[in-house]
Protein chains: 2
Amino acid sequence: MRSHNASILANLAWAHAEGISRADLARDAGLSASTVSTIVSDLMAADLLSSSHIAPSRGGRPPVVLRFNTQRNYIIGVEMGASHVAIALCDLRGAVLWSRSIHHDVPNDPPGTLRLIGELVDEAKVRPEAQGELLGLGIAVPCPVDGQTPDRLSPRLLPEWAEVRLAAQLHHRTDVRVFVDNDANCGALAEALVGAGQGISDFTFIKVATGVGAGHIVQGQVYRGFSGIAGEIGHTTVDANGRRCRCGLKGCLEAEIGSGSVIEQAHEAIAGGRETSLAGIAELTLADVVAHAKAGDALAREIIADAGSHLGVGVANLLNLLNPARVIIGGRLSHAGDLLLIPLRETVRDRALWSSVERAEVVISPLGQSQIAIGAATLVLRAALADLSLFWASEQDAPVPAPSQVSSIWRMGGRGRG
Amino acid sequence: MRSHNASILANLAWAHAEGISRADLARDAGLSASTVSTIVSDLMAADLLSSSHIAPSRGGRPPVVLRFNTQRNYIIGVEMGASHVAIALCDLRGAVLWSRSIHHDVPNDPPGTLRLIGELVDEAKVRPEAQGELLGLGIAVPCPVDGQTPDRLSPRLLPEWAEVRLAAQLHHRTDVRVFVDNDANCGALAEALVGAGQGISDFTFIKVATGVGAGHIVQGQVYRGFSGIAGEIGHTTVDANGRRCRCGLKGCLEAEIGSGSVIEQAHEAIAGGRETSLAGIAELTLADVVAHAKAGDALAREIIADAGSHLGVGVANLLNLLNPARVIIGGRLSHAGDLLLIPLRETVRDRALWSSVERAEVVISPLGQSQIAIGAATLVLRAALADLSLFWASEQDAPVPAPSQVSSIWRMGGRGRG
DNA sequence: CGACTTTCTTCGATTGGCGGAAAAACGAAC
DNA sequence: GTTCGTTTTTCCGCCAATCGAAGAAAGTCG
């Protein structure tokens, strides 16, 4: 009903960062000018929209340009990584106003992690950049999130977290809505709203770091599959005779290009007497390998190019199977840029059967270090844009538990709307 | 609006083949009883629903059971295969009332194929089974269908068809709506509506015959990807050191289990002096291999079990990447039944990282020989159920060209409804 | 300076769904 | 058998929300 059209208009206004007139809103939404006018006045009363300036006339009365009020609220996104917690304070455009990243042993220390997140959120709340009210808290977790039991992390990957009800605890601590989703899905959502996936209805985001995971955007929505684990590209086979993976198989993508494997490959080469500037680094990390590759080290470049080729096999299979318009590579390995991308693209081209697959774009995420934390923030943003009532009901009911999917059957009317 | 809710109710009634009362419709659809009553009376006036009988009371007034009128129209589905044309005459339930299959060199003879289809349609129209009016004609084609140029078949796979406007010509010939889609997508749709995918929102159908293709059902809708070629599982790599594929790569799934490969493997073994009942068959076909495997021939069983294992690798990758609730195997190879399925499931279990993947069901299509032709018919059925106006506008406008996707943004109101 | 355009608002009119009342048709209890 | 309660279905008035037409506002253009 009304709220649905209001949501459409709000989304249109949000998408037009440069501003949009009522007349253009009516055209884009396919609604009558009168309807748009009444809804816009509601949205302005709610401070979601505000008129920005008057654009030059196009032959008649000059249009009043409306802007989505990105300062109305702020959002906090938190990335729980394998070995760090990152936080990003964002406005409603998804722009990062402030961020931090702290080393922490997340998998093995749930209480400490919860405390750390609480402190970081408190810190963010009092930052001068935090304008308006806190709209919600988004958390990206390094494991699949099941739609059935959304507030339980995977006991298999994170046994220590098995009994922790993350969203509930953080809601209790912070008193705002808490949204939880898998990190790769968050990354995909970030790209969809503020990154390389803007305006693209079907793409896949691949995060390559400690693990390798993918998030699919299908018809503009995050796709979770049947039990919420779609995107486990890390354990698809890319080389049946490849390295042994922690999952027990051989040649999983993750076993070839996950940070553990990359570092292992470097160690093996060093042990084999290979000349490299990586030798002598005490605790070799993926960041070291990437940095030295960029600085020109031959071994590091080789390892990364190799990773690119392996990733290319997985991407080619993905393209054949799902045919996304674009594949966006993120995660720490993606900071290697062209060193990774060029061999990747080459492999994809070699393995692409269809010209349309060949034409599919493979790019590196433009969102940088905070990518996943931004994605966590966009969980809140997307939810609020899809259901504007979240903007006016600040406290109320329980933390939103599920990785909320917009209900697939849209139902007109229906009993008991708010 | 109204028509949308009418569509919801019609779909509910269709889905309840045993019949459903107005009160239950209201409950299931979340609409008020009064609204349901008015819409139902419209649908009954249009002869889409009819009251069937009165069910026993559940303590109050006994409910009038309504049934979707599956005899109101009939549908014709046509499968264009690599070497045959199959036709299925279906009622609105998707049940096959009559079918035929004719050998024909489809790829190299467009005019003859069009003529043949025309004759088959004419034959179907005068069958006694054809009740009511012809609702539409669905065509399953053995190549991807692009949303941009829906009425052009792939010039790469079917060069002879490059200039043929299939849907337009058939519309001209038959004067009914023509719907065209890829065969694997048709197969998936058939499973969704009348096969092993009923009630499952996310599954994948894999057709294994001459080629190997998949059709995805995502959130209850056929998923085509960006350029309409999603599901090209046949050219994902399952064994980097495997057989050479016609696409130039090695170890594509199709190169391992496509009918060409299966027959080739049989010939190789026979040439190698292997004892088998397949030896001596003049023109060995996939059907022969399947039949002899069922009859107990060791070589045939081996080849099929091998195909099952290879398919298992592809299915495992698919499960990891997309996490469908079920994978349905169809196509001629699937007639081998357990001989294919057992090794397939074993491979999947070995390669499944997540318990939910492990639990995913892999089954054989229950729809048999006419599966794809039924799928072509369900193209029409789905379109009409999604847009009831197709039921009352028999002739009118151009043939429906695109593999119609339900528009992703649902818009309330909007100008100019019918 | 008038004609024309484009934008935006105001004002009925219409559509369509909802809630409640009422009718219909039954079971159960006394 | 009468009465009461229940479930199904219909009828009626109300309300929300959109649209179209008309008009006001604020320009451009010749």
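Q: What covers the buried residues of helix 1 of chain A?
A: In this predicted model, the cover includes strand 1 (20-21), helix 2, helix 3, strand 2, strand 3 and helix 13 (371-386) of chain A. Contact here takes C-beta atoms within 7 Å.

Q: Which residues of helix 1 of chain A are called buried, and what makes them so?
A: They are A:Asn5, A:Ile8, A:Leu9, A:Ala10, A:Ala13 and A:Trp14. The cut-off is 20 or more other C-beta atoms within 10 Å of a residue's own, so each of these six meets it.

Q: How do you know that the span of helix 1 of chain A agrees with its number of residues?
A: Set one value against the other: with 14 residues at 1.5 Å a residue, the helix should span 20 Å. Its end C-alpha atoms are 20 Å apart, so the two agree.

Q: What does that check give for helix 3 (residues 33-45) of chain A?
A: Here 13 residues at 1.5 Å each should span 18 Å, and the end C-alpha atoms are 18 Å apart, which agrees.

Q: Why say that the buried residues of helix 3 of chain A line one face?
A: The buried ones are A:Val36, A:Ile39, A:Val40 and A:Leu43. Looking down the helix axis, they fall within an arc of 105°, so they line one face of helix 3 of chain A. On the other side, A:Ser34, A:Ser41 and A:Ala45 are exposed; that label needs 12 or fewer C-beta neighbours within 10 Å.

Q: What do the buried residues of helix 3 of chain A pack against, and what follows the helix?
A: Their partners are helix 1 (2-15), helix 2 (22-29), strand 2 (49-54) and strand 3 (64-68) of chain A. After helix 3 of chain A comes A:Asp47, with a positive phi near 70°.

Q: How do you know that the radius of gyration of chain A agrees with that of a compact globule?
A: For 418 residues, the globule rule gives a value near 22 Å; chain A has 23 Å, which agrees. Along the principal axes, the C-alpha trace of chain A spans about 75 × 50 × 40 Å. Buried residues account for 50% of the 418 in chain A. Of the contacts in chain A with a separation of 6 or more, 63% join residues 24 or more positions apart. The secondary structure of chain A adds up to 14 helices and 13 strands.

Q: Over in chain B, what makes strand 1 (20-21) and strand 2 (49-54) edge strands?
A: The three strands of this open, antiparallel sheet come in the order 1-3-2. Strand 1 and strand 2 of chain B each pair on one side only, and that earns them the label. Helix 1 (residues 2-15) of chain B packs on the sheet, touching strand 1, strand 2 and strand 3, and its direction makes about 95° with that of strand 3 of chain B.

Q: Why do strand 1 and strand 3 (residues 64-68) of chain B count as paired?
A: Pairing takes at least two bridges, and these strands have two, in the antiparallel sense, so they qualify. B:Ile20 stands opposite B:Leu66 in strand 3 of chain B.

Q: Why is strand 9 (residues 203-208) of chain B called mostly covered?
A: Six of its six residues are buried. B:Phe203, B:Phe205 and B:Lys207 point one way, B:Thr204, B:Ile206 and B:Val208 the other way, and all are buried.

Q: Which strands does strand 9 of chain B pair with, and in which sense?
A: With strand 10 (residues 212-218) of chain B the pairing is antiparallel, over six bridges. A hairpin of three residues joins these two strands, and B:Lys207 stands opposite B:Gly213. With strand 12 (residues 326-330) of chain B the sense is parallel, over five bridges; there B:Ile206 stands opposite B:Ile329.

Q: What is the strand order of the five-strand open sheet in chain B, and which strands are at its edges?
A: The order is 6-5-4-7-8, with mixed pairing. Strand 6 (96-103) and strand 8 (178-182) of chain B each pair on one side only, which puts them at the edges. From one strand to the next, the twist averages 15°. Strand 7 (residues 133-141) and strand 8 of chain B pair in the parallel sense over five bridges, with B:Gly138 opposite B:Phe179.

Notes. Residues are numbered from 1 along each chain as its sequence is written. Chains are lettered from A and ligands numbered from 1 in the order in which they are written. This is a predicted model: local features need pLDDT of at least 70, side-chain atom pairs count only at pLDDT 80 or more; totals for chains, interfaces and linings use all residues. Helices (H or I, at least four residues) and strands (E, at least two) are DSSP runs, numbered from the N terminus. The expected span of a helix is 1.5 Å times one less than its number of residues. The arc is that of the directions from the helix axis to the C-beta atoms. Two residues are in contact if their C-beta atoms, placed from the backbone, lie within 7 Å. The radius of gyration is taken over C-alpha atoms; the globule rule is 2.2 Å times the number of residues to the power 0.38. Axes are lines fitted to C-alpha atoms, for helices over the stretch in contact, and angles run from 0 to 180 degrees between N-to-C directions.
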